Amino acid sequence: MEVVDKSKLPYVYTADELISMFLAAYEREEARGSVAEPAFVKQKRLEIKRIVSSGRAVASVLRRTALAMPFLDRLHPFYRDLMDVVFGAQSYKHAVAKVGNAHLAVRAIAKEAIAAVRTAPDKGAIHAARRMYRGRVVDLLNDLRPELDKLREVVAFLRRLPAVDPNLFTIVVAGAPNVGKSSFVRCVSSARPEVADYPFTTKQIHVGHIRIRGDVVQVVDTPGLLDRPLSERNAIERQAVLALRHLAGAIVFLVDPTPHSGFPLEMQLNLYREISASFQAPLVAVVNKVDIASPAELERARDLFSPIGEVSTLDCRGTGEVVNYVLAKFYVPAALERLRAARRS
């Protein structure tokens, strides 16, 4: 399964840029040939050169663009499902196919125009073939405008997306909005996600890394999950679900025992149970905000969640111990199994 290689993502031209490129390539060609050659013959040769040059230029760009776009069927399920959530798999495939097939249409138009020029009986017929050729190619590029705009959106989205390697052991940090997920990732890894004191600050997943004896573990901060069925979640929430489903080697569920997040413990418990029932990755609870929680709030959270640790992401207190526990319990066995499999092969 492939991952998205940002360095190989193409620059997708707009329809207007392609039209300008096409017309410029057409005008660049100049008349050449013997001085003694009849002007009518020279005009035909120039027109054919212009058609060949301009058609080849725009057809080549269209073909390269389509071939450089990620092929959904080859992508790792994380990327494939993420593209489907944000853009629609069928809509994306249609856009890529239409842009790719357009290079064949340009070549067909050019072939017809060349034939019309070669058989033109006079200058008027040459001019008519020129108008037909230029007009049809411009119309075709204008018709591609929605598909080109969609591919530009896809490339921009993928360039902003954190570089996720689904092959690495991944700790996914989940929980309700505003419980401290971004701060937790910032405490334990190389990531520096945005942190703010209002819900839904995390609009995309953020990825950090922990280096362990030459190996790398990913830590993924997901958008806040709400206590609603999957079918009712919005696109941002479904991104978090995708991360859990396809990436998680272990899930750390952060709990806010205080009223500050705006989500009561009952709602957080329902979400915890939903994740536990829906995903195969091991799930552990961690109570956050111990710096401001009352003894009664902490005690109730302990009773409901049986947490493996209690932390304060404000000053990173206890976060290292939580990560060490998760690594020892879930990462080390997985790493040893990979090592044994490598030796057997």
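This briefing covers the nonpolar core, one pocket, the strand order and two backbone outliers of the structure above.

The structure is a predicted model, in which local features need pLDDT of at least 70 and side-chain atom pairs count only at pLDDT 80 or more, while totals for chains, interfaces and linings use all residues. Residues are numbered from 1 along each chain as its sequence is written, and side-chain values use heavy atoms, with hydrogens and water left out.

**Nonpolar core**

- The largest nonpolar core, meaning a set of buried Ala, Val, Leu, Ile, Met, Phe, Trp, Tyr and Cys residues joined through side-chain atoms within 4.5 Å, holds 108 residues, and those with the most contacts inside it are Leu62, Tyr133, Leu141, Ile251 and Ile275.
- Helix α4 (residues 89-118) gives the most to this core, with twelve residues; helices (H or I, at least four residues) and strands (E, at least two) are DSSP runs, numbered from the N terminus.
- When residues up to four places away in sequence are not counted, Ile275 is in contact (heavy atoms within 4.5 Å) with Ala174, Leu225, Leu244, Ile251, Phe253 and Leu283.

**Second largest pocket**

- A pocket is, on a 1 Å grid over the protein atoms alone, an open set of points where a 1.4 Å probe fits, with protein on both sides within 12 Å along at least five of seven lines, and its lining residues have an atom within 4 Å of a point.
- The second largest pocket encloses about 240 Å³ of space, a volume being the space filled by probe spheres set on the grid points, which are joined across faces, edges and corners.
- Its lining has 13 residues, of which Glu2, Lys8, Ala68, Met69 and Pro70 are the closest to the centre.
- By class, the lining divides into nine nonpolar, no polar and four charged residues, where Pro joins the nonpolar set, Asp, Glu, Lys and Arg count as charged, and Gly is among the polar ones.

**Sheet**

- Six strands form an open sheet of mixed pairing in the order β2-β3-β1-β4-β5-β6, two strands being paired if DSSP finds at least two bridges between them.
- Because β2 (206-212) and β6 (309-310) stand at the edges with a single partner strand each, one side of each is left without a neighbour in the sheet.
- Strand β2 runs antiparallel to β3 (residues 215-221), to which seven bridges join it, and His206 stands opposite Asp221 in β3.

**Positive phi outside glycine**

- Asn178, in the loop between β1 (170-174) and α7 (181-188), has a positive phi near 65° and counts as buried at 18% relative accessibility, the limits being under 20% for buried, over 50% for exposed and partly exposed in between (1.4 Å probe, protein chains only).
- Cys316, in the loop between β6 and α11 (319-344), has a positive phi of about 65° and is partly exposed, with a relative accessible area of 33%.
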